[in-house]
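Student: Hi! I'm new to this one, could you walk me through it?
Tutor: Happy to, let's look together.

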Amino acid sequence: MKLQRIGVLTGGGDCSGLNAVLRAVVRTASIRHDVRVFGFEMGFDGLIFDRWQELTTANTRDLLTRGGTLLGATNKGNPFDYKTREKNGNIRSENLSAQALDNFNRLKLDCLIAIGGEGTLEIAHQFSEMGMPVIAVPKTIDNDLAGTDYTFGFQTAVQVACDSLDRLHTTGKSHQRVMILEVMGRTAGWIALESGISGGAHVILIPEIPYDKEKVLEKIRLREAGGHPYTVIVVAEGASETGGAPVISESAEQRLQNTDRLGGVGHALARDLESQLDHEVRCTVLGYIQRGGSPNSFDRILATRLGAYAVRAAVEQKFGSLVVLRTPNLALLPLAEVAGKVRLVPPDCQLLQTAEDIGICLGR
Ligand code: F6P
């Protein structure tokens with residue numbers, strides 16, 4: 001049976017390139033296959049509460065370069081575990097998946113394209129198990145999804161962090177300071193590692209390698225002894241000291257989600273280092289700047305390829321799949337194989353070796 005109507009949503013935290021995927025989905029669907037596209041608003045909320053808009057080549061024009069997502073996104077609102085806070089403060093959880101599936105069927109959709117990260121892919125997989133035809137597209141600045149070489153949004157975030165490190169170098173050198181940049185990434189150190197190498201950081205601290213503060217101090221002192229009395233450090237928000245725990249800025253319960261919000265390690269490290277150095281130490285938390293704004297050319301291309309490929313996969317009825325990048329090609333993997341799996345920096349990652357080969361301290 002010919003595909004006629006597809007739904008699309010953007011779930012989880014946003015990143016650069018979401019709009020570029022939407023544009024590619026709509027253009028491929030309408031120009032190539034004469035298929036109508038319906039966009040659900042605010043991730044799975046739109047599916048649960050029947051909030052959507054029809055997307056056309058006209059209303060998705062000029063989206064390639066635009067940051068954010070035309071449809072809105074939320075990292076709350078899991079239809080299988082929909083949490084709300086009651087007046088007495090108690091958290092109430094409901095399973096609204098049947099309601100979402102009803103709305104999907106009432107709109108007579110032939111497929112849902114779910115664009116998102118780990119949480120979204122898990123939900124997409126659960127819907128797929130319930131019989132909904134789903135194709136998923138991997139998104140996150142963290143680059144931590146299993147099965148794909150890169151997620152879109154990551155390279156743009158790395159570029160923003162790299163540019164920031166370039167700037168911290170010059171001011172750090174002027175004032176002979178230790179400059180710390182805290183970047184995002186949840187439990188994965190990809191952003192810290194790639195931005196640290198591209199931005200010439202002297203120390204890179206990632207969640208996968210608990211750091212020894214003494215090693216960091218040793219690096220700073222060595223640089224000083226060598227005539228370089230300033231040091232640039234990039235620390236991933238999920239990094240922690242050996243024997244310690246990641247610094248949490250908001251608990252899962254406070255934010256009605258399954259995971260804590262990370263953040264604060266940069267300032268904690270700054271306090272720790274400053275107490276043992278003559279140098280001044282300054283910390284910059286890069287935060288959401290990594291997620292906003294226009295995608296770089298790598299992410300524009302990847303997002304466009306993923307969107308077009310997802311529609312092709314839908315037309316060919318290859319449901320229950322995730323579109324992945326296996327350089328240089330795109331491919332499909334069963335959602336069952338990848339949903340819920342994260343990809344951390346492996347101990348044998350060549351980038352780690354490269355970093356240490358050129359004298360970058362990884363805190364070990
Ligand atoms: O997963 C993307 C990400 O930006 C992480 O790097 C970060 O830890 C988290 O989202 C922040 O989430 P929120 O948007 O809920 O603050």
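Student: How many residue pairs are in polar contact across the interface of domain 1 and domain 2?
Tutor: The rule finds 10 such pairs, both residues at pLDDT 80 or more. A polar contact here is a pair of N or O atoms within 3.5 Å; within protein, one must be able to donate a hydrogen and the other to accept it, and residues adjacent in sequence count only if both atoms are side-chain atoms. This is a predicted model, where local features need pLDDT of at least 70, side-chain atom pairs count only at pLDDT 80 or more, and totals for chains, interfaces and linings use all residues. Residues are numbered from 1 along each chain as its sequence is written, and side-chain values use heavy atoms, leaving out hydrogens and water.

Student: Where do the domains run?
Tutor: Domain 1 covers 5-152 + 295-337 and domain 2 covers 157-292, with bounds from an automatic or database domain assignment. Their centres, taken over C-alpha atoms, are 32 Å apart.

Student: And how many salt bridges cross that interface?
Tutor: The rule finds 4 between domain 1 and domain 2, each being a side-chain nitrogen of Lys or Arg within 4 Å of a carboxyl oxygen of Asp or Glu.

Student: How much area do the two domains bury between them?
Tutor: About 1600 Å², with 45% of it on carbon and sulfur atoms. Buried area is the accessible area (1.4 Å probe) that two parts lose on being put together, summed over both. Lys83, Ile141 and Asp142 supply 33% of what domain 1 buries against domain 2, more than any other three residues.

Student: Switching to the ligand, which residues are around it?
Tutor: Among them are Asn75, Ile141, Asp142, Gly185, Arg186 and Glu237, counting a residue as near if one of its heavy atoms lies within 4 Å. Both domain 1 and domain 2 give at least three residues to this shell.

Student: How far is Glu237 from the ligand's oxygen?
Tutor: A polar side-chain atom of Glu237 lies 2.5 Å from a ligand oxygen atom. For Asn75, a side-chain N or O atom is 3.0 Å from a ligand oxygen.
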